[in-house]
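User: Please take a close look at one part of this structure and describe it step by step. I am new to it, so please also say how that part fits with the rest.

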Amino acid sequence: MQFLQLLSRKSGKLEMLFQIPFCQKPFPYTCLATSACLYSKKKKANGYEQVDQEKYKNLVYSVTSYKTSAQTPETIFEEDNLLYGPPGKHRPPVKAGTKAPKNWVPLINPSKRTVPLNRDSNLPMKVALQKNKMPSVTRVLQQTLSPQQVFYLERWKQKMILELGKDGFEEYTKNLFLQGELFHSALESIFLSEEMAAKEQSEDDSLSGYLTSVEHVLKDISEVKALESGVHHKTLQYLGLVDCVAKYRGRLCVIDWKTSEKPKPFLRDTYDNPLQVAAYIGAINDDANYDFQVSCGLIVVAYKNGSPAHSHFMDPDLCSQYWNKWLLRLEEYMEKADSN
């Protein structure tokens, strides 16, 4: 501005300034302005423009409206509801096996009197199995296999038939059953008399591997009360044949002896055997022939190659869980039988 004022005092010089030759030709010009410069760059997007302003305003007000701390369980739920809407009504799925039996009977019989019965000897009990219309534990479990169990069992059967042929497979299963019977007989002989056991073992060398396999388990077994003994649950109407009832490391157990060609280091590898043990425990506790009650179980898996057997101890809590599962399987069997 001072420069223009100076030129205005000398008008002649100002006129000469605008009459110079190069001004005769048109040339681009730029307007001068005293305001701020305008940039041609694109304005950056503001992320806050995407926020629901009404919700944000209400949230800020709900937080700042309190003189004391606004974080209470009630206000937190209100804020979550404001921002995200009401909570979903989805419920977690119910775990399998939590279904309660319709006809529940306790595993331990509260009305049973445990007065010792008069017995002529201290030998283990061996009650004869009175076969009647009651289904056996084995039959109930076989008739109530899950579709998945049936699938894998049938697939194994077909695989063995392809390898051995139909006649070979029948011979294979027959030998397995016979080996199991001989193994149980050998164990019974061990518990009754060491002399008889030595004779039994020498007669059949095929059992030596199984007996070697269970040697470390036998050291923990004492006070055998029953061997290959029949049990009947009159209340629930089923029966079974218990391998052994004895103390294992000081705790009275129903003991189930199993043979296997494959290792079974975990209880889940024994499939329905825990249900079988629980069923036998319940039957013993209901059967008046037995002057005691049992609350624990033991599954011993012996191997033909002599490798150490796997022993799976079932404490009272675990037995109760499998008892409930057994009751459900028994109900399923009875319902099928009634419908047929």
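Analyst:
**A bent helix and its surroundings**

Phe 151 has a relative accessible area of 48%, so it counts as partly exposed. This is a predicted model, and every value here is computed from it. Tyr 152, the next residue, is also partly exposed, at 44%. The part to look at is helix α6, which runs over residues 147–192.

Rings are a useful place to begin. Across the whole structure, a search finds seven aromatic pairs. One of them joins Phe 151 and Tyr 152, in an edge-to-face arrangement with 5.3 Å from centre to centre and 70° between the planes. Another pair is made by Phe 183 and Tyr 210, and this one is tilted, with centres 5.6 Å apart and planes at 50°. Phe 183 belongs to α6 and Tyr 210 to helix α8 (residues 208–213), so this pair ties together parts that lie 27 residues apart in sequence. Phe 183 and Tyr 210 are both buried, whereas Phe 151 is partly exposed.

Next comes the shape of the helix. A straight helix of 46 residues, at 1.5 Å a residue, would span 68 Å, but the end C-alpha atoms of α6 are only 42 Å apart. A bend is found at Gly 165, where α6 turns by about 110°.

Which residues of α6 are buried? They are Met 160, Phe 169, Gln 179, Gly 180, Phe 183, His 184, Ala 186, Leu 187, Glu 188 and Ser 189. An α-helix has 3.6 residues a turn, so residues three or four places apart point the same way. Gly 180, Phe 183, Ala 186 and Leu 187 are among the buried residues of α6, and the spacing along that stretch can be followed in the structure.

Helix α10 (273–286) offers a contrast. The expected span for its 14 residues at 1.5 Å a residue is 20 Å, and its end C-alpha atoms are 20 Å apart, which agrees. In α10, 13 of the 14 residues are buried, so this helix is largely enclosed by the rest of the structure. After α10 comes a loop leading to β4 (296–303), and Gln 293 is found in that loop. Gln 293 is partly exposed, with a relative accessible area of 22%. Its C-alpha atom is 7.9 Å from that of Ile 281, a residue 12 places away along the chain.

Further along, Asp 315 sits in the loop between β5 (310–314) and α11 (316–339). Asp 315 is partly exposed at 32% relative accessibility. Neighbours within four places in sequence aside, Asp 315 is in contact with Ser 295 and Cys 296. Between the C-alpha atoms of Asp 315 and Leu 298 there are 8.8 Å, although the two are 17 residues apart in sequence. In another part of the chain, Arg 268 lies over the face of Phe 266, 4.5 Å from the ring centre.

Last, the chain as a whole. It holds 11 helices and five strands. Of its 340 residues, 31% count as buried. Among contacts with a separation of 6 or more, 72% join residues 24 or more positions apart. The accessible surface comes to about 24,500 Å², and carbon and sulfur atoms account for 56% of that.

Notes: Residues numbered from 1 in each chain as written. Predicted model: local features only at pLDDT ≥ 70, side-chain atom pairs only at ≥ 80, totals over all residues. Heavy atoms only, no water. Helix = DSSP H or I, 4+ residues; strand = E, 2+ residues; numbered from the N terminus. Expected span 1.5 Å × (residues − 1). Bend = angle between axes of the 7 residues up to and from the residue. Buried < 20%, exposed > 50% of the residue type's maximum accessible area, 1.4 Å probe, protein only. Contact = heavy atoms within 4.5 Å. Areas by Shrake-Rupley, 256 points an atom, 1.4 Å probe, with all protein chains shown as cover. Phe/Tyr/Trp six-rings, centres within 6.5 Å; stacked < 30°, edge-to-face > 60°. Lys NZ or Arg CZ within 6 Å of the ring centre and 35° of its normal.
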